[in-house]
Amino acid sequence: MRPQQLPIPHFQYLQLKEKLEHEFPGCLDICGEGTPQVTGFFEVTVAGKLVHSKKRGDGYVDTESKFRKLVTAIKAALAQCQ
């Protein structure tokens, strides 16, 4: 019996979640929800401020430059909270 494979978008989400948790240990609460019609929405909110939204045109974080841009946005939002 073959092990069940995760859908590609879910696998990418898990990889990104792991990278963000490594970048911000203990600072983020990350959750995801798939949608039946599309590959899902990926949104990042820090202290009530939306810093990234796939749905609003930021796209999926699939390159290192997009990841660094997201990290910068998270750092800026976290700095405003302190």
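By a pocket I mean an open set of grid points with protein on both sides within 12 Å along at least five of seven lines, and its lining residues are those with an atom within 4 Å of a point. With that in place, here is the structure, which is a predicted model.

First, the overall layout. The chain has three helices and two strands. Read from the N terminus, the order of elements is α-β-β-α-α. There are 82 residues, and 24% of them are buried. If we take contacts between residues at least 6 apart in sequence, 46% of these join residues at least 24 apart.

Now the pocket. The largest one has a volume of about 400 Å³. Its lining consists of 17 residues, and those nearest the centre are I30, C31, E43, V44 and T45. Sorted by class, the lining holds 11 nonpolar, three polar and three charged residues. Which elements supply at least two residues of the lining? They are β1 and α3. Of these, β1 provides the largest share, with four residues.

That brings us to β1 itself. Its side chains alternate: V44 and V46 point to one face and are buried, whereas E43 and T45 point to the other face and are not buried. This is the usual picture, because side chains in a regular strand alternate between the two faces of the sheet. Note that E43, V44 and T45 are all named among the residues nearest the pocket centre, so residues from both faces of β1 appear there, given that V44 points one way and E43 and T45 the other.

The partner of β1 is β2, residues 49-53; the two strands run antiparallel and are joined by four bridges. Within that pairing, V44 has H52 as its bridge partner. The strands form a hairpin with two residues between them. One residue to look at in the turn is A47, which has a positive phi of about 50° even though it is not a glycine. A47 sits in the loop between β1 and β2. Is A47 buried or exposed? A47 counts as exposed because its relative accessible area is 60%, and the cut-off for exposed is over 50%.

Next, the core. The largest nonpolar core has 16 residues, and the members touching the most others are L16, L20, F42, V44, V51, L70 and I74. At least two residues of this core come from each of α1, β1 and α3. The biggest contribution is from α3, which gives five residues. As background, nonpolar side chains in soluble globular proteins tend to be buried together.

Two of those core members deserve a slide each. Start with V44. Apart from neighbours within four places in sequence, V44 is in contact with K49, L50, V51, H52, L70 and I74. So V44 is named in the pocket lining, in the core and in the strand pairing.

The other is L70, in helix α3, residues 64-81. L70 counts as buried because its relative accessibility is 2%, where the limit is under 20%. Which residues does L70 touch, not counting those up to four places away in sequence? They are L20, F42, V44, V51, H52 and V61. The C-alpha atoms of L70 and H52 are separated by 6.9 Å, although the two residues are 18 apart along the chain. H52 therefore appears in the contacts of L70 and also as the bridge partner of V44.

Conventions
Residues numbered from 1 in each chain as written. Predicted model: local features only at pLDDT ≥ 70, side-chain atom pairs only at ≥ 80, totals over all residues. Heavy atoms only, no water. Buried < 20%, exposed > 50% of the residue type's maximum accessible area, 1.4 Å probe, protein only. Contact = heavy atoms within 4.5 Å. Core = buried A, V, L, I, M, F, W, Y, C linked by side-chain atoms within 4.5 Å. 1 Å grid on protein atoms, 1.4 Å probe; cavity = no way out; pocket = protein on both sides within 12 Å on 5 of 7 lines; lining within 4 Å. Points joined across faces, edges and corners; volume = space filled by probe spheres on them. Nonpolar A, V, L, I, M, F, W, Y, C, P; charged D, E, K, R; others polar.
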